[in-house]
Amino acid sequence: MRNVSPFNALLAVALGIAGIHAATARAAETTAHSSSNDLVARGEYLAKAGDCAACHTAPGGEAMAGGLPIDSPFGQIYSSNITPSRTHGIGDYSQAQFARAVREGVRADGTHLYPAMPYPSYAGITDDDMKALYAYFTQGIEPVDKAPPATQLPFPFNQRWLMGGWNLLFAGGKPGAPINGKNAAWNRGRYLVETLGHCDACHTPRNAAMGEKTSLGLSGGQIGPWQAPNITSDPISGIGAWSHQELVQYLRTGSVAGKGQAAGGMAEAIEKSLQYLSDDDLSAIAIYLKDSTPVRNPKDVRPAFQYAGNGEGYEAGLRGHNPGIGLDQPGPGYLALTTGAQLYSGYCASCHQTRGEGTPDAAFPSLTHNSVLGRGNADNLVMVILGGAHIDTQGNEQLMPGFADELDDKQVATLANFVMQHYGNPDAAVTADHVAMLRRGGPNPAAALLPAMIAAAVLLAFVLAWLARFVARRKRMH
Ligand code: HEC
Ligand code: HEC
Ligand code: HEC
């Protein structure tokens, strides 16, 4: 216990006044101490639910000391040191200043944070929870007197005050109060999904200015090269056809046979945050998701996990067509097919088996009936082929190696198309150029913004020129 928060100081003073006898005062002190311990413990749980460590603890770095680079379309943004260090952390933040940073994205010195810190989601954190978070961050973790690298974005994005305008448009509208007519579990689920768990930060689509399209909440978003799928209650495009229990299991372990696994940012969210939530809290999340406003993509015709490709193992297919030719000797006219088959045979079949059926114990999951392969695009499959998948939940570790160094873009595209056709959604196709783009870190919305910015600049130039002429004419007239 390092610092005494103003709250605890007040409590101690209040209790001190009330206690006349020394013995009573001592008892009160113990009570104050254990209630502050409770507060810190609650804050720790909330920090888990909010997944603060995902961004504020760099791999191999000290807890909450920041320095993790977060990719944005405009460059890398480094997370802050939020240990109670007085020199480099939040040691000198009052509770109100801390709350303002977390809810509104404004530092104690008045400068704006970038929304790489998900304050638009955290805006709805209750006062009680904020108090507990503050207790945890000021008393529950070790101070680290180290500065994270400075964030240096190019002009105009280095003008932090501009975020004030962005906030007016896209932040601060978070509902806090529970919705009447919905039960406690639903409201708890809503709070965990929309506020603390900031699921929307990944799962809600964004507009050209990177603001969330709130009317399409949770209907699927893009984070770097990854697609965060639609998790609304829609039975075709979303998770409506998952059972309550399957959702809870996915959030706890990242793996449900016949539905899917978690890779990328989702594996991280489960590993660092969701696996630690109580049964009641995970159940509340599932209740809320299954009752969320459904959003259907008209292109989707059945749930992603229903796809099973053409159901053929590649070996049977080859034998049927060309009995004399083995996999290692592609025959004329079979080059494209055998290349995909060869790649699958060489890199994937040892674990996922020749028909993509996985192993019976699901230690190596089935590729058929796997939601990652039932989508309209193969992006997440490509990301898994490149980077592999890893998740570690309470002693249960799952690991798939990545093949970014061994396979070139064309091979990855050929393999992904083969896997989609044989085990997933045969309509999803990917090109080598697309793989190259994903390898570079995904589409660049800043590039998409550029034409709009040039148009705005040209318009501004016109307006200025017109104003100048107008002023000149007025002068002449006088
Ligand atoms: C998705 C990543 C992410 C998550 C999750 C996240 N943060 Fe942050 N946070 C950041 C980044 C990045 C910054 C620095 C932004 C900048 O420099 O503009 C930041 C800055 C802050 C600051 C400002 C400190 C300062 O003076 O610079 C506070 C306080 C803070 N975060 C607290 C929290 C808490 C508490 C949680 C969990 C409830 C949390 N953050 C979760 C990314 C994150
Ligand atoms: C850092 C980004 C990120 C955050 C935060 C996040 N997710 Fe995800 N989520 C993903 C990605 C990416 C996938 C796809 C994983 C894959 O394909 O292996 C995913 C997949 C899922 C799936 C599986 C859906 C399907 O059809 O396969 C569910 C359910 C889910 N997320 C729920 C949640 C909930 C609930 C939260 C908040 C508590 C959350 N996610 C927070 C990125 C995120
Ligand atoms: C050494 C064994 C191994 C090999 C080789 C392997 N995988 Fe995997 N794969 C796994 C394991 C284990 C998982 C589950 C990982 C998890 O749950 O995080 C997995 C998961 C997956 C998933 C689901 C990921 C998600 O986001 O839901 C896909 C798709 C996949 N593998 C495709 C492939 C392809 C294609 C190849 C060939 C390039 C391949 N795997 C090679 C072991 C392997």
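Q: Count Ala, Val, Leu, Ile, Met, Phe, Trp, Tyr, Cys and Pro as nonpolar, Asp, Glu, Lys and Arg as charged, and the others, Gly among them, as polar. How does the shell around ligand 2 split by class?

A: That shell has 17 nonpolar, seven polar and one charged residues. This is a predicted model, where local features need pLDDT of at least 70 and side-chain atom pairs pLDDT 80 or more, while totals for chains, interfaces and linings use all residues. Residues count from 1 along each chain as written, chains are lettered from A and ligands numbered from 1 in written order, and side-chain values use heavy atoms, without hydrogens or water.

Q: Which residues are closest to ligand 2?

A: Cys 199, Cys 202, His 203, Met 266 and Ser 371 are the closest of the 25 that surround ligand 2 (a heavy atom within 4 Å).

Q: Which polar contacts does ligand 2 have?

A: Three can be named, taking N or O pairs within 3.5 Å. A nitrogen atom of ligand 2 sits 2.8 Å from a polar side-chain atom of His 203. Oxygen atoms of ligand 2 lie 2.9 Å from a polar backbone atom of Ala 263, and 3.1 Å from a side-chain N or O atom of Asn 380.

Q: And which element gives the largest share of the shell?

A: Helix 10, with three residues (helices are DSSP runs of H or I, at least four residues).

Q: What coordinates the iron of ligand 2?

A: His 203 through NE2 and Met 266 through SD, at 2.0 to 2.2 Å (donors are N, O and S atoms within 2.8 Å of the metal). His 203 is in helix 9 and Met 266 in helix 11, so the pair ties together parts 63 residues apart in sequence.

Q: Why is the arrangement called octahedral?

A: Because the six donor atoms around that iron subtend angles of 87 to 179° (six donors, opposite ones over 155 degrees apart, all others between 65 and 115).

Q: Is His 203 buried or exposed?

A: Buried, at 9% relative accessibility (buried is under 20%, exposed over 50%, partly exposed in between, with a 1.4 Å probe and protein chains only). Met 266, at 21%, counts as partly exposed.

Q: Switching to ligand 1, what holds its iron?

A: NE2 of His 56 and SD of Met 117, at 2.0 to 2.2 Å. His 56 lies in helix 3 and Met 117 in the loop between helix 4 and helix 5, so the pair ties together parts 61 residues apart in sequence. The six donors there subtend angles of 87 to 179°, which makes this arrangement octahedral.

Q: How buried are His 56 and Met 117?

A: His 56 is buried, with a relative accessible area of 11%, and Met 117 also counts as buried, at 18%.

Terms used:
A polar contact is a pair of N or O atoms within 3.5 Å; within protein, one must be able to donate a hydrogen and the other to accept it, and residues adjacent in sequence count only if both atoms are side-chain atoms. Helices (H or I, at least four residues) and strands (E, at least two) are DSSP runs, numbered from the N terminus. Donors are N, O and S atoms within 2.8 Å of the metal (3.2 Å for Na, K and Ca); water is not among the atoms, so sites may look incomplete. Four donors count as tetrahedral if all angles lie between 85 and 135 degrees; four count as square planar and six as octahedral if opposite donors are over 155 degrees apart and all others between 65 and 115; anything else is irregular.
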